[in-house]
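Ready for a short walk through this model? Open your viewer, keep the selection tool at hand, and follow along stop by stop.

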Amino acid sequence: MIVVVSFTWGIFIFHERVKSIPGAIGAGCLLVLGLIGMSRYSAPVVSSKDARYAAVRTTEQEEEEEETEAPQDPPSPGLKKKMASLEIAGVEGDMVSNRSGVADDDSATPSEPDNQHASLTSVLCVRCTQRQLGICLAAINGVWGGSNLIPYHFAMAHGVEGLEYAISFGAGSLLVLTGMWILRFLYYLGRERSLKAAYESLPDFHFRQLGLPGTLAGAFFFIGKVFSIIAVSILGQGVGYSLTQLSMLVSGLWGIFYYGEITETHRIWKWFFSACVTISGILWLSYEHEKSHD
């Protein structure tokens with residue numbers, strides 16, 4: 001998605017120079033195809049048993065939260081007798097079902113609609129599955145990621161290029177992060193109606209555990225972003241920023257050889273084939289770039 005968005009900005013909106021628009025589109029499609037293959041074959045394989053267990057755990061956690069949030073009064077003696085009779089009737093019904101050859105709940109396989117319903121979540125008053133939510137968020141990230149260097153083109157018109165823009169980019173990132181934390185705190189404040197409860201609802205910073213790893217991750221990210229800014233200044237938005245998606249190739253190699261996230265041999269070979277397709281798209285897209293004569 002990032003490749004499609006950045007390519008569209010560069011070629012069709014900013015009219016950056018390429019040798020052939022059909023050739024550049026073909027190279028971009030080949031690059032996207034390779035990235036899709038790498039994403040598909042690097043994804044963890046979740047068995048149906050694990051999916052059913054996750055769905056059951058989600059339902060149990062929701063029931064526990066409801067019980068803790070809304071404590072009920074102890075039942076009256078008459079209600080206790082009625083509940084006991086219902087439990088006895090239920091046990092007798094289970095015995096009859098087992099004698100007739102009907103499998104019990106533990107051995108039965110939940111139907112697909114039940115699993116989907118168990119994994120439903122609500123976002124902005126819209127109910128969707130976890131998969132649908134993930135796809136929507138990935139699409140939003142693609143649009144945002146492919147457009148986050150668009151202001152750089154307007155900065156270049158005022159003579160700000162390269163490393164000079166990186167300082168402004170870092171300051172803007174800090175302001176946005178601070179603003180997001182403030183909005184999250186205000187959300188908890190409106191829900192909890194207490195400053196202390198809202199502060200305690202915020203995620204822990206874990207300075208001792210994440211101080212060094214988090215700092216290194218942020219440093220690596222910003223160094224990579226600086227190089228992507230330089231790439232865009234030289235190759236343009238459509239070609240330069242699309243080529244930065246080579247990062248998926250590097251992260252995939254880490255996942256295979258260091259973290260062991262892919263263990264099946266056939267999936268590893270398919271991932272490497274997709275990586276070769278991605279590299280072919282990168283080389284083709286690099287060939288299609290034409291330096292501006294301005």
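**Stop one: confidence**

Start by colouring the chain by pLDDT: the mean is 78, and 72% of the residues reach 70 or more. Keep in mind that this is a predicted model. Now select helix α13 (residues 265–288), which has the highest mean pLDDT among the elements, 92. Then jump to helix α5 (residues 112–118), where the mean is the lowest, 45. Widen that selection to residues 95–118: the pLDDT is below 50 over this stretch, and beyond near neighbours in sequence it has 12 contacts in the model. Where pLDDT is low, the predicted coordinates should not be read in detail.

**Stop two: the largest nonpolar core**

Next, select Leu-31, Met-38, Trp-271 and Leu-285, the residues with the most contacts inside the largest nonpolar core, which has 20 residues. Show α1 (2–13), α2 (21–42), α11 (237–243), α12 (247–257) and α13 as well, since each supplies at least two residues of this core. Which of them gives the most? That is α2, with 6 residues.

Zoom in on Leu-285 and display its contacts: among them are Phe-7, Ala-24, Leu-31, Val-239 and Leu-243. Apart from this core lies another, of 11 residues, including Ile-2, Tyr-152, Ala-155 and Tyr-241.

**Stop three: a buried lysine**

Finally, move to helix α10 (residues 207–235) and pick Lys-225. What is the nearest side chain of opposite charge to Lys-225? It is Glu-16, 15 Å away; Lys-225 is buried yet has no salt bridge. Beyond residues up to four places away in sequence, Lys-225 touches Asn-148, Phe-169 and Tyr-241.

Methods: Residues are numbered from 1 along each chain as its sequence is written. This is a predicted model: local features need pLDDT of at least 70, side-chain atom pairs count only at pLDDT 80 or more; totals for chains, interfaces and linings use all residues. Side-chain values use heavy atoms; hydrogens and water are left out. pLDDT is the predictor's confidence in each residue, from 0 to 100. Helices (H or I, at least four residues) and strands (E, at least two) are DSSP runs, numbered from the N terminus. Contact means heavy atoms within 4.5 Å. Buried means under 20% relative accessible area, exposed over 50%, partly exposed in between (1.4 Å probe, protein chains only). Lys and Arg count as positive and Asp and Glu as negative; His and the chain ends are not counted. A salt bridge is a side-chain nitrogen of Lys or Arg within 4 Å of a carboxyl oxygen of Asp or Glu. A nonpolar core is a set of buried Ala, Val, Leu, Ile, Met, Phe, Trp, Tyr and Cys residues joined through side-chain atoms within 4.5 Å.
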